[in-house]
Amino acid sequence: MQQLTILGATGSIGVNTLDVVARHPDRFSVFALTAHTRLEQLAAQCHQFRPRYVVVTSEKTAQLLTQQVSSETVVLWGSEGLAMVASHDKVDMVMAAIVGAAGLMPTLAAVHAGKKVLLANKEALVMAGGLFMEAVRCSGATLLPIDSEHNAIFQCLPQSFACVGAAEKLSAGAPGNSGSEASNQGTSLPGVRRLLLSGSGGPFRIIPVDELTTVTPDQACAHPNWKMGRKISVDSATMMNKGLELIEACWLFDVGEAQVEIVIHPQSIVHSLVEYVDGSMLAQLGNPDMRVPIAHALAWPERMESGAAMLDLVATGALNFEQPHLQRFPCLGLAREVAKVMGDAPAALNAANEVAVEAFLAGRINFTDIIRVVDSVMQNWSMTEPSHLVMVQEADTRARNRAVESLNRL
Ligand code: NDP
Ligand code: MG
């Protein structure tokens, strides 16, 4: 019986994880659940899954929750509570599904404790990729990607590859330097020439570019294929999500940005691909349902049922691929520039983007202002190489302050 902690249990990934777990009561037991604002939902989850601990973000919500859960569940709050349930001796695996920068520290607590870490929170790796992978290497934690693209690539790599393996041979500094021929010739992964990340292009793939100024938050969150939290949905609409995923891929698989291509695939059936030097391309296909990568990682190295519908290839019909246009998706071009320099630039990119997306969702700025804000923060960003998490946090704070200044100037 595997003991599982879910960080961010009330979100889209958290709920999908509990759905998969409920299908396998003989394999998984829920050790702890955590959430931020959705207390009622959390209380219902506690009722169903009877975790030993539940963690919220403030003392006040902890007091409210205590009245709603049975006495067998201990209610904790704050960053110490999160770190405790992520690193507890009794825990075998941790689903890291808190959204945004808030996910970094609890995810790292799980990594430091050497857990099997199922990583959905891409922002942690974007912010602190070098330090994060170094921590994976030192602790012997097993890192399994949940982001569907990275999970697809993981599935298409040679079986001997595990993300912990990539971390073991990771050289200091930027990713992609540990292979002697890791340039135009290929990657440091044996026989692998390139990784291809696919992305649907989101809800605004074909609307006229000049109409982007007036799109609403609800339109931006209406993703054609995936049902996700609001922040990542906006990131999908700007394709900043694919930019963050490019950076995520560089760290997870130890490749340089030049070895990662991005293709638009509107049907979201091919979740990503690996190109080998002999001309073979391996892809992972499936219906767009996050329970597939979640079940894959939960059961890894075995397989188990996820609850997702089987893919009907004939009913699916044509699969299309096209190049992303940077005029429509300028966030993608900016993220690639950031991936070229790395250091603390991705932390700044992520922080500025979080501020801008929050302002857009609150109705304070237009959709097209998101790139204006993020771009203004990244212009003249003097990159430093963070040797400690404090430096990452400083870059995050500085970028947030600059983003707020930029918002106020709009
Ligand atoms: P949601 O917004 O649906 O859920 C986020 C979760 O994090 C909720 O449980 C929320 O609690 C909790 N949370 C939010 N802010 C804080 C905070 N400050 N401190 C502690 N907990 C907090 O997001 P998703 O599930 O969509 O995404 C989660 C992560 O997974 C993101 O990093 C995203 O990029 C990544 N991801 C998601 C995919 C998807 O299909 N959804 C696909 C690939 C990656 P509450 O709801 O109670 O406020
Ligand atoms: Mg993804």
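**Exercises on a predicted model**

V274 stands opposite L282 of strand β11. The model is predicted. Keep that in mind as you work.

**Exercise 1. Place this pair in its sheet.**
Find which strands pair here, and in which sense.

*Solution.*
Step 1. Look at strand β10, residues 270-276. Strands β10 and β11 pair in the antiparallel sense, over five bridges.
Step 2. Widen the view. The sheet is open and has four strands, in the order β9-β8-β10-β11. Its pairing is mixed.
Step 3. Recall the general rule. Strands in a sheet pair through backbone hydrogen bonds, parallel or antiparallel.

**Exercise 2. Explain why β9 and β11 each have one side without a neighbour in the sheet.**

*Solution.*
Step 1. Read the strand order again: β9-β8-β10-β11.
Step 2. Strands β9 (260-264) and β11 (281-285) stand at the edges. Each has a single partner strand, so one side of each lacks a neighbour in the sheet.
Step 3. Add the twist. From one strand to the next, it averages 20°.
Step 4. Add the helix. Helix α7 (residues 148-156) packs on the sheet and touches β8 (192-199), β10 and β11. The direction of α7 makes about 40° with that of β10.

**Exercise 3. Describe the site of the magnesium ion (ligand 2).**
State which residues coordinate the ion, and whether D147 and E149 are buried or exposed.

*Solution.*
Step 1. List the donors. The magnesium ion (ligand 2) is coordinated by D147 (OD), E149 (OE) and E245 (OE), at 2.1 to 2.2 Å.
Step 2. Write their spacing along the chain: D-x1-E-x95-E.
Step 3. Apply the cut-off: buried means under 20% relative accessible area. D147 has 8%, so D147 is buried. E149 has 7%, so E149 is buried.

**Exercise 4. Describe the surroundings of K231.**

*Solution.*
Step 1. Locate the residue. K231 lies in helix α10 (residues 230-238).
Step 2. Check its exposure. The relative accessible area of K231 is 14%, so K231 is buried.
Step 3. Set aside neighbours within four places in sequence. K231 is then in contact with V99, E123, L244, N350, N353, E354, V357 and L361.

**Exercise 5. Decide how far to trust the coordinates.**

*Solution.*
Step 1. Start with the whole protein. The average pLDDT is 94, and 95% of the residues score at least 70.
Step 2. Find a weak stretch. Over residues 179-184, pLDDT stays under 50. The model has eight contacts for this stretch beyond four places in sequence.
Step 3. Draw the conclusion. Where pLDDT is low, predicted coordinates should not be read in detail.

Methods:
Residues numbered from 1 in each chain as written. Chains lettered and ligands numbered in written order. Predicted model: local features only at pLDDT ≥ 70, side-chain atom pairs only at ≥ 80, totals over all residues. Heavy atoms only, no water. pLDDT = per-residue confidence, 0-100. Contact = heavy atoms within 4.5 Å. Pairing = 2+ DSSP bridges. Helix = DSSP H or I, 4+ residues; strand = E, 2+ residues; numbered from the N terminus. Axes fitted to C-alpha atoms, helices over the stretch in contact; angles between N-to-C directions. Donors = N, O, S within 2.8 Å, 3.2 Å for Na, K, Ca; no water. Buried < 20%, exposed > 50% of the residue type's maximum accessible area, 1.4 Å probe, protein only.
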